[in-house]
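Please open the model in your viewer and keep the selection panel at hand. We will go from one selection to the next, pausing at each stop to see what is there.

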Amino acid sequence: MLFASLATKAHQPVMDMAPRWAGGFGFQLRQQHYGSDDLMRGGGSTQNPLGIERFVDTTWLEGVYTFDRSIRATIKIPYLDQRRITTLNGIARRQQNRGIGDVVLGLPLKRYKNQGSMTQNWGITPSIRIPTGSNSGDFPLSDGSWDVGLSVSYAWENPRIYQLYDLYYWHQGSGKRGMQTGNSWGLDVNVGLHPWHDNDENTGIFALWDVSVHHSDSPNAATLTTASGGDRIQTGPVLVYYRDSFMVRAEFKLLLHERVDGTSTSRGNEFSVAFGVAF
Amino acid sequence: MRMMELLSNSAFNRHMSAVTKLIAVALMLLVVPAFASDYVIRVHGMVCSFCAQGVTKKISKLSFIDRSKYTKGVKVEIESQKVTIAVKQDQHLDIAALFKAIKSGGYDPVDVWTVTATGEIDKPIEYQP
């Protein structure tokens, strides 16, 4: 259900489980924001006299096609607007870049089991990230590498309760200009309620809680993108409103724990809002 | 609906006595019960709006569905896992096509039930997929 910037998680079919019907397709537009001016060394904050910061806004256009409920294809196209203050020879320097980032293609494969008012599924999602983003300049949108991802997920749902567990891994290929981003893995847990649904209007809400654990190996010194190494745990609420085949979703992720490799800006808290429609 | 149109027709009224009308109404009720065209299907796995949408989308495309009732001829109740469908008066329910449509929508049909004139679930229909 949830995503991380350039390290977009492999597992997420667009709009979660929808559309499940054969021949169905859908689109989702999602705006994501994260960033911070909190400079960290290891697991704690450190002094930041030069005002080093990093903020990233990403607009994701995501699409899904369902061949049948067990096979889907997804595409995620990011438009990045990233800015930071970094240091060069001890002098603060402002950098900014925007444009199309790396496109992610996924093939969610799911095995469903429906029993009474319960539905559950096991999923495996191979993904590939294509280096469509520019790798030029001093603050590139992409490291220019082809990356592959894999996730294994389990979801269980009834008309009142929703839960999702997802383990994912991204292997980073060798980038251009000597850049090498670190491999990453993570675990996503979403649990929550479906407190209200109106059959006549076919509308309702989900109120979920998300916990995300993420680890990234350190990028090499030549890497100029926003990538950084370390661990983090984020948590926060997710609210989804839907009506027929239309969905609006908002989520906030509080940074509960973070440890960075070396010295780096904190990821900060994260917010995203999305709307999607399925046909 | 057809019965009401017939009763309100002035030519019909002119040529029929009150007793004849009563007999005609009783006969109509016997031959075409008002809710004879509704059926309820138990479907497993429906939990949200997108589920209802998928089931509705697939069932409503079937030629025998009366799209003038409910939402395109289909009403989904996720808590009870019930799908009510309206079938056109002059058409037969094709259960094989119905089950295929529900499966194509992503869900698992269990059985089909007739509905009484008062809208109550009545009897299961024998069907071996």
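The tour below visits a contact between chains, a nonpolar core and a pocket in a model that is predicted.

**First stop: the contact between the chains.** Colour chain A and chain B separately, and then select the residues that take part in their contact, which are 29 from chain A and 23 from chain B. Between chain B and chain A an area of about 2,100 Å² is buried, and carbon and sulfur atoms give 57% of it. On the chain B side, select B:V47, B:S49 and B:F50, since these lose the most area to chain A and together make up 31% of what that side buries.

**Second stop: the largest nonpolar core.** This core has 40 residues, and a good way in is to select B:I41, B:M46, B:I59, B:V83, B:I85, B:L93 and B:L98, which touch the most other members. Chain A gives two or more residues to this core from each of β11, β13 and β14, while in chain B the elements that do so are β1, α4, β2, β3 and α5. Now centre the view on B:I85, which, leaving aside residues up to four places away in sequence, touches a set of residues including B:Y39, B:I41, B:I59, B:V74, B:L93 and B:L98.

**Third stop: the largest pocket.** Which residues lie nearest the centre of the largest pocket? Select A:R84, A:T86, A:T225, A:T263 and A:S264, which hold that place among the 27 residues of the lining. The space in this pocket is about 680 Å³, and its lining has 13 polar, 8 nonpolar and 6 charged residues. Finally, show β5 of chain A, which supplies the largest share of the lining, 5 residues, and add β4, β6 and β16 of chain A, each of which supplies at least two.

Technical notes. Residues numbered from 1 in each chain as written. Chains lettered and ligands numbered in written order. Predicted model: local features only at pLDDT ≥ 70, side-chain atom pairs only at ≥ 80, totals over all residues. Heavy atoms only, no water. Core = buried A, V, L, I, M, F, W, Y, C linked by side-chain atoms within 4.5 Å. Buried < 20%, exposed > 50% of the residue type's maximum accessible area, 1.4 Å probe, protein only. Helix = DSSP H or I, 4+ residues; strand = E, 2+ residues; numbered from the N terminus. Contact = heavy atoms within 4.5 Å. 1 Å grid on protein atoms, 1.4 Å probe; cavity = no way out; pocket = protein on both sides within 12 Å on 5 of 7 lines; lining within 4 Å. Points joined across faces, edges and corners; volume = space filled by probe spheres on them. Nonpolar A, V, L, I, M, F, W, Y, C, P; charged D, E, K, R; others polar. Buried area = accessible area lost by both parts, 1.4 Å probe.
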